[in-house]
Amino acid sequence: MTIRKLLAFSALALAAVVPLASQAQQAVRVGSKNFTEQFVLAEIYAQSLEAAGIKTEKKLNLGGTLIAQKAMEEKQIDFYPEYTGTMLLAVLKQEPMTDAKAVYDKVKEAYAKMGFVVLNQSKLNNGYVMVVRSDTAQKYKLETLSDLARVAKDLKIGAGPEFRDRKDGLPGLKAKYNMVFGEDLQMAIGLRYQALKNDQIQVVNGYSTDGMISAMKLKRLRDDKSLWPPYFVVPVIRRETLEANPKIGDVLNRVSALLDEATMAQMNYQVDGEKLEPKEVARDFLKAKGLVK
């Protein structure tokens, strides 16, 4: 083989190798939706990947569910933490189901058809919960959502934008409980609890792991007609990302197995109540679990 041919062959071989090497070094783009728990979860997962030697790029605070989903579909992010009930109702537009395994199996199969892998389900079930101040509960004798429906016309609710359109939101409350509020104020989750404290609203649609619920000693109202499905946290990742590096799935599943509602509520409160940074809270959690030094 002549020197010229040898050099040409070497150049071709190098050209073939470089893209593969570049692809291997490509960072996993970790996304999140736009509330405290999502920031903390994304940081926990991202820092775990980094500790395992997998580069990440964080794209947090994307917006609501459908925005995060669109970011996945358009390959702007590779992974983000989601909730099984939200996937079922907000993304797949299916009817509510209450069996946790059935919901998980359904969303896993449907997401696979979209090119996404739903990894192991965690023990963290962060469902919707309607909460009121204790004095409001005493005044109106509130224990259940049926009780709330009876007096809702006299009360103001503070809720996020998605809650107005989803089958597990205001439309579902009206259909299942005939619940219609006197006034409906749209506000971010971070503002709702302060508004509740100041009596600007009397009802909050929150999440069961909101740290402020325990901190403010709020009354949780029981979903006595089973409107809401389970909302277990699951990592959702693009299939091609996982196939390029299967180790990512092992790391994410290991982290998911460590999550539970009590711990998540505490971490949420550290951010919302104690004003710590999600990155710091996530690192403390991973240190306590021995996943980072």
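Two strands are taken to pair if DSSP finds at least two bridges between them, and the strands themselves (E, at least two residues), like the helices (H or I, at least four residues), are DSSP runs numbered from the N terminus. In this sense strand E5 and strand E9 (residues 219–221) pair in the antiparallel sense over three bridges, with Met130 standing opposite Leu221 in E9. The structure is a predicted model, in which local features need pLDDT of at least 70 and side-chain atom pairs count only at pLDDT 80 or more, while totals for chains, interfaces and linings use all residues. Residues are numbered from 1 along each chain as its sequence is written, and side-chain values use heavy atoms, with hydrogens and water left out.

According to the UniProt record, an unreviewed entry, residues 27–287 are covered by the annotation "domain: ABC-type glycine betaine transport system substrate-binding"; UniProt positions are given here in the numbering of the model, feature names are shortened, and annotations may be inferred rather than shown by experiment. The span of residues 27–287 is 46% helix and 16% strand, and its end C-alpha atoms lie 23 Å apart.

The pairing of E5 with E9 belongs to an open sheet of five strands, which has the order E7-E6-E8-E5-E9 and mixed pairing. The edge strands of this sheet are E7 (183–186) and E9, each of which pairs on one side only. Neighbouring strands are turned by 35 degrees against each other on average, direction ignored, where axes are lines fitted to C-alpha atoms, for helices over the stretch in contact, and angles run from 0 to 180 degrees between N-to-C directions. Towards the E7 edge, strand E6 (residues 156–159) runs parallel to E7 and is joined to it by four bridges, among which Ile157 has Asp184 in E7 as its bridge partner. E5 and E8, by contrast, run antiparallel and are likewise joined by four bridges, and here the bridge partner of Tyr128 in E8 is Tyr207.

In a regular strand the side chains alternate between the two faces of the sheet. For E5, both faces are covered, with Tyr128, Met130 and Val132 on one side and Val129 and Val131 on the other, all of them buried; buried means under 20% relative accessible area, exposed over 50%, and partly exposed in between, as computed with a 1.4 Å probe on protein chains only. Five of the five residues of E5 are thus buried.

The structure also holds eight aromatic pairs, a pair being counted if the ring centres of Phe, Tyr or Trp (its six-membered ring) lie within 6.5 Å, and classed as stacked with planes under 30 degrees apart, edge-to-face over 60 and tilted for the rest. The rings of Phe35 and Tyr207 have their centres 5.1 Å apart and their planes at 15 degrees, so this pair is stacked. Because Phe35 lies in the loop between strand E1 (28–31) and helix H2 (36–51), whereas Tyr207 lies in strand E8, the pair ties together parts that are 172 residues apart in sequence. Both Phe35 and Tyr207 are buried. Tyr207 also forms a stacked pair with Tyr128, at 5.7 Å centre to centre and 20 degrees between the planes. As Tyr128 lies in strand E5 (residues 128–132) and Tyr207 in strand E8, this second pair ties together parts that are 79 residues apart in sequence. Tyr128 has a relative accessible area of 10%, and Tyr207 has a relative accessibility of 16%, so that each counts as buried. Phe35, Tyr128 and Tyr207 are members of one aromatic cluster, which also includes Tyr83, Phe163, Trp228 and Tyr231.

Two packed helices are described by the angle between their axes and the distance between the axes. Helices H2 and H14 (residues 278–288) pack at an angle of about 55 degrees, with their axes 8 Å apart. That angle makes H2 oblique to H14, since angles under 35 degrees count as roughly parallel, over 145 as roughly antiparallel, 65 to 115 as roughly perpendicular and the rest as oblique. H2 passes H14 in a right-handed crossing, meaning that the near helix is turned clockwise from the far one by less than a right angle, a left-handed crossing being anticlockwise.

Two loop residues other than glycine have a positive phi. Lys93, with a phi of about 60 degrees, is placed in the loop between helix H4 (84–91) and helix H5 (100–113), and is exposed at 52% relative accessibility. Asp199, with a phi near 65 degrees, lies in the loop between helix H9 (189–197) and strand E8 (203–207), and is partly exposed, with a relative accessible area of 41%.
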